[in-house]
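The exercises that follow ask the reader to work through one protein with its sequence and coordinates open. Each task is followed by a solution that goes step by step.

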Amino acid sequence: KFTHHEACVLVSAERNSSCNDVRYLCTYDNRYLQRFQAHTERITSISMSPLDDCFLTAAADSTVCLWNLSAHNRPIAKLKMPVRCEHPFVSFDESGLVFGVMCQDAINKVHQLKLYDARNYDAGPFQDILPERALLEGAVRSARGCEWSPAQIQKSIDSVWGSFEFSSDGNHILVNTSTDLLLILDGFRSDVQPLAITSRKNDSQLSLGSCLAPNSKHLLTATEDN
């Protein structure tokens, strides 16, 4: 992830590495300026604050850490997620005042997406933004051109949700899954039926990328056919 300096980035190790730190890399002279170590398992996401030099990390050890680039390898805060949490992902919104934490229960495959106040994270999440299952299923059934069977709908909802991002206006949240399904959630309420997009192809359940345009009106996604 890029920091606010054009020549500096934050990098984490590959999935099969035993190194669970984040490194602050200066690309101008190709040297590491700092290492951030607190996680005991691989890091699954990094999100840079748009306001200052703080950034968030989530890891497979079911923790989320808040860091500052000049904090000398000690997190400002550490949030513990449920032990059964899998595939944790964290992201700041465009204002930098809110961040979201998403994970999946390893036993019952129920997803969680909770919002935190970046200035008062110790108080816990202030909003659970994920709609109930009935709303998710209704969104998929009503998707344009969707002819999925009930089994296909269930498989897509229970699949791995790899990432999410806030729209630039803060009104929506894009959730990317490991199937054909993409979800556009309401950015404020969990009782609003999301928009489901089922037209991309991902039968192999790859970790395909997707993102929202800066104007919040368009979406770009990869498909498994390159």
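**Exercise 1.** In this predicted model, determine which residue in S14 is the bridge partner of Ile-173, and describe how the strands around that position are connected.

*Solution.* Begin with the bridge itself: the partner of Ile-173 in S14 is Leu-185. This pair belongs to the ladder between S13 and S14, which run antiparallel and are joined by five bridges. Following the chain from S13 to S14, one passes through a hairpin of four residues.

Next, turn to the other neighbour of strand S13, which spans residues 172-177. S12 also pairs with S13 in the antiparallel sense, again over five bridges, and here Glu-165 has Leu-174 of S13 as its bridge partner. The S12–S13 connection is a hairpin with five residues between the strands, and in its turn Gly-170 adopts a positive phi of about 80°.

Finally, consider the surroundings of S13: five of its six residues are buried, so that the strand is mostly covered.

**Exercise 2.** Identify which residues of helix H1 are buried, and state what covers them.

*Solution.* Helix H1 covers residues 133-141, and its buried residues are Leu-136, Gly-138, Ala-139 and Val-140. As a point of helical geometry, an α-helix has 3.6 residues a turn, so residues three or four places apart point the same way. The cover over the buried residues of H1 includes helix H2 (150-158) together with strands S12 (161-166), S14 (182-186) and S15 (195-197).

**Exercise 3.** Decide whether strand S4 is enclosed or open, and trace how S4 is linked to S5.

*Solution.* Of the six residues of S4 (residues 43-48), five are buried, and the strand is therefore largely enclosed by the rest of the structure. Its pairing with S5 (residues 54-59) is antiparallel and extends over five bridges. Within this pairing, Met-48 stands opposite Phe-55 of S5, and the two strands are joined by a hairpin of five residues.

**Exercise 4.** Classify Gly-100 and Ala-123 as buried or exposed, and place each of them in the fold.

*Solution.* Take Gly-100, which lies in strand S9 (residues 98-105). Its relative accessibility is 0%, and because buried means under 20%, Gly-100 is buried. Leaving aside neighbours within four places in sequence, the contacts of Gly-100 are Phe-89, Val-90, Ser-91, Lys-114, Leu-115, Phe-164 and Phe-166.

Ala-123, by comparison, sits in the loop between strand S10 (111-117) and strand S11 (127-128). Its relative accessibility is 55%, and because exposed means over 50%, Ala-123 is exposed. From Ala-123 to Leu-56 the C-alpha separation is 17 Å, with their positions 67 residues apart in sequence counted as the distance apart.

**Exercise 5.** Assess whether the radius of gyration agrees with that of a compact globule, and characterise the protein as a whole.

*Solution.* For 226 residues, a compact globule would have a radius of gyration near 17 Å, and the value of 18 Å for this protein agrees with that. Along the principal axes, the C-alpha atoms fill a box of roughly 55 × 40 × 35 Å. The secondary structure consists of two helices and 17 strands, and buried residues account for 45% of the 226 residues.

As for the surface, the accessible area is about 12200 Å², with 48% of it belonging to carbon and sulfur atoms. The mean positions of the 21 positive and 27 negative charges lie 3 Å apart.

Conventions: Residues are numbered from 1 along each chain as its sequence is written. This is a predicted model: local features need pLDDT of at least 70, side-chain atom pairs count only at pLDDT 80 or more; totals for chains, interfaces and linings use all residues. Side-chain values use heavy atoms; hydrogens and water are left out. Buried means under 20% relative accessible area, exposed over 50%, partly exposed in between (1.4 Å probe, protein chains only). Two strands pair if DSSP finds at least two bridges between them. The radius of gyration is taken over C-alpha atoms; the globule rule is 2.2 Å times the number of residues to the power 0.38. Accessible areas come from the Shrake-Rupley method with a 1.4 Å probe; for residues, only the protein chains shown count as cover. Lys and Arg count as positive and Asp and Glu as negative; His and the chain ends are not counted. The place of a charge is taken as NZ of Lys, CZ of Arg, CG of Asp or CD of Glu. Contact means heavy atoms within 4.5 Å.
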